[in-house]
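Visitor: I should be grateful for a close look at a single part of this structure. Please choose one strand, describe what lies around it, and then follow the connections outward.

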Amino acid sequence: MNVNRHIIALCALAGSIMAAKAADDVSAAFHVERHDADMRGTAVASKPAAMWIDTEANFDRLATKANIDAELERIKSYGMNMVYVDAKASNGYALYKSDFLPYCNQFGPLTAERDYDDYLGYIIEKSRELGLDVVASVCVTGWGYQDRNGLKQGYVFDHFDEWKDKVQVRNDNDDPSLTVPITDDLSQSLVTLDPIYPEVQDLVLRTCRELVTRYPGLKGISLDYPRYNNNDGGWYGMSDDNMKGYARYWNEAVPSRHEIVTETGGVGPKFSKWIEYRSSVITDMLAKIRKEVKTASPECEIHLWASAEWSSRFSVGQNWASKKYKPQGYAYTDTYSRTGFADLLDVFVTGAYTENVWNADAPGSQWTVENFCSTYKDYIMGDCRCYGSIAAYALDPSQIADATYICLTETDGYMTFELSHVNNPRHGDRWQGTIDGIIAAEKSNKTK
């Protein structure tokens with residue numbers, strides 16, 4: 001048995017039961033009216049309604065101005081009014097004009113011959129013409145790409161001697177006494193830096209400052225992946241420097257790793273204190289990002305996407321709840337709530353990425369769009385706005401219509417992930433599903 005995943009599952013189960021109970025009284029499911037006719041141009045969402053544009057998935061498609069124009073015009077015509085655009089890719093390269101980051105003309109094995117010299121700049125220019133807001137996404141801890149074929153690419157590998165000792169490090173499920181830098185684990189394509197290091201935080205802050213200063217027309221920046229890596233193979237945040245950081249945080253002696261995760265992979269006596277320490281590292285970095293961005297551009301919004309399943313986020317150091325939210329359970333200390341960071345955000349984008357739309361689709365489970373878009377308030381407790389977001393790849397057009405409706409009527413806005421999946425015709429016309437959901441939400445008078 002993978003004990004680490006068992007630990008997470010226990011905590012997630014408790015959250016699932018509470019969340020499902022909280023969602024029992026949400027209005028019964030119905031299906032949004034579908035239209036056979038082309039409904040383009042017939043509705044515009046009154047709340048923020050956004051399309052996420054992923055770098056890797058659209059690398060070739062968006063290499064020309066003509067294709068960017070076509071996609072942005074399509075987004076506008078189907079009732080949306082905002083785009084999330086990757087500006088600093090997960091390999092550490094920039095999709096904008098940077099003074100210190102290389103320009104991203106290659107991602108993994110993909111290359112692009114572009115007919116413009118500033119991806120983000122051109123999207124902002126065209127979006128302004130169309131009346132679309134732009135939020136620039138920054139992959140906060142991702143600074144490199146690797147694969148099993150030996151490809152090592154990105155900012156970390158370009159300056160490997162400088163950054164090799166600052167990557168995230170995990171223990172090992174099979175032998176918890178071992179530590180493994182993420183650069184030695186080729187099952188992980190995303191190479192993440194550890195925000196415990198001031199140099200890592202400075203790199204992130206410099207990127208965010210440059211973006212909002214250079215592009216004052218941005219609606220906001222979205223912080224993607226501000227966390228520790230998934231515990232695939234072991235728990236991340238286990239380096240010698242992490243152990244010293246734990247000691248400083250708690251004013252204690254440096255712990256052994258077996259006091260956190262035992263030799264057999266179980267919960268050690270200092271596990272919950274380590275969970276709080278790791279979450280504090282992320283929250284501290286987010287506080288610095290907020291200060292940096294708001295100093296440079298006070299009107300620029302801070303957005304952050306994370307999985308809607310709050311009960312699993314302790315596993316990656318990501319406490320997106322309010323400091324007022326007091327969780328209980330073996331994974332949490334009495335002071336864990338002080339690591340909550342909802343108050344540091346303008347918008348939390350809750351990732352309701354599930355194939356179940358209504359509670360009736362999965363009775364007793366928290367894994368529905370309806371549940372996640374109705375129970376987020378229990379966690380953020382009014383500290384920031386919340387947009388519901390869905391995974392288009394998991395849904396057919398009718399489900400997208402219903403999920404879009406839920407997001408726009410139950411939360412403060414909506415985002416769909418992502419463009420290439422909505423463009424994929426394999427499961428029907430997901431664009432039509434999107435505008436059907438927007439039309440239904442506007443007719444409901446619940447978006448005002």
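Guide: What follows is an account of one strand and its surroundings in a predicted model.

The strand is β2, which spans residues 82-88. Its cover is the natural place to begin: seven of its seven residues are buried, so β2 is mostly covered. The partners of the strand come next. Strand β1, residues 49-53, is joined to β2 by four bridges, and the two run parallel. One position that illustrates this pairing is M51, whose bridge partner in β2 is V83. Between these two strands the chain passes through helix α2, residues 65-77, and the resulting β-α-β crossover is right-handed. Strand β5, residues 133-139, also runs parallel to β2, to which it is joined by six bridges. In that pairing M82 stands opposite D133 of β5. A general point is useful when reading such pairings: the side chains of a regular strand alternate between the two faces of the sheet.

The helix of the crossover deserves attention of its own, and I75 serves as an entry point, since this residue lies in α2. Is I75 buried or exposed? Its relative accessible area is 0%, and because the limit for burial is under 20%, I75 counts as buried. Apart from its neighbours within four places in sequence, I75 is in contact with M51, I53, M80, M82, V83, L419 and W431. Two of these names, M51 and V83, have already appeared as bridge partners. For a longer-range reference, I75 and E410 are 335 residues apart in sequence, while their C-alpha atoms are 22 Å apart in space.

I53, one of the contacts of I75, leads to the nonpolar interior. The largest nonpolar core has 130 residues, and I53, L120 and W274 touch the most other members of it. The greatest contribution to this core comes from helix α8, residues 271-296, which gives 10 residues. A second core, separate from this one, has nine residues, among them M82, V135, V349 and M415. M82 therefore belongs to that second core, as a buried residue joined to other members through side-chain atoms. As for L120, its contacts beyond four places in sequence are V85, A87, L95, Y96, V134, A136, L211, Y215 and L218.

Helix α8 also has a part in covering another helix: it is among what covers the buried residues of α7. In α7 the buried residues are N242, M243, G245, Y246, A247 and W250. The residue that follows this helix, N251, has a positive phi, near 55°.

From the interior one may return to β2 by way of the open space in the model. The largest pocket has a volume of about 890 Å³. Of the 38 residues lining this pocket, D54, L190, D224, Y225 and F417 are the closest to its centre. β2 is one of the elements that give two or more residues to the lining, together with β5, β6, β12 (301-307) and β15 (414-417). The largest share, three residues, comes from β12.

Two of the central lining residues have backbone features worth inspection. Y225 is located in the loop between β11 and α7, and its phi is positive, about 60°, although Y225 is not a glycine. With a relative accessibility of 16%, under the 20% limit, Y225 counts as buried. F417 is joined to E418 by a cis peptide bond, with omega near -10°. E418 itself lies in the loop between β15 and α12 (419-423).

D54, another of the central lining residues, also borders an enclosed space. There are two cavities of 30 Å³ or more, and the second largest has a volume of about 50 Å³. The lining of this second largest cavity consists of D54, T55, N58, F59, L62, L95, R114 and Y119.

Finally, β6, which contributes to the pocket lining, belongs to an open antiparallel sheet of three strands in the order β7-β6-β10. β7 (152-153) and β10 (190-192) stand at the edges of this sheet; each has a single partner strand, so one side of each lacks a neighbour in the sheet. β6, residues 142-146, is paired with β10 over three antiparallel bridges, and in this pairing G142 stands opposite T192.

Notes: Residues numbered from 1 in each chain as written. Predicted model: local features only at pLDDT ≥ 70, side-chain atom pairs only at ≥ 80, totals over all residues. Heavy atoms only, no water. Core = buried A, V, L, I, M, F, W, Y, C linked by side-chain atoms within 4.5 Å. Buried < 20%, exposed > 50% of the residue type's maximum accessible area, 1.4 Å probe, protein only. Contact = heavy atoms within 4.5 Å. Pairing = 2+ DSSP bridges. Right-handed = clockwise from strand over helix to strand, strands pointing away. 1 Å grid on protein atoms, 1.4 Å probe; cavity = no way out; pocket = protein on both sides within 12 Å on 5 of 7 lines; lining within 4 Å. Points joined across faces, edges and corners; volume = space filled by probe spheres on them.
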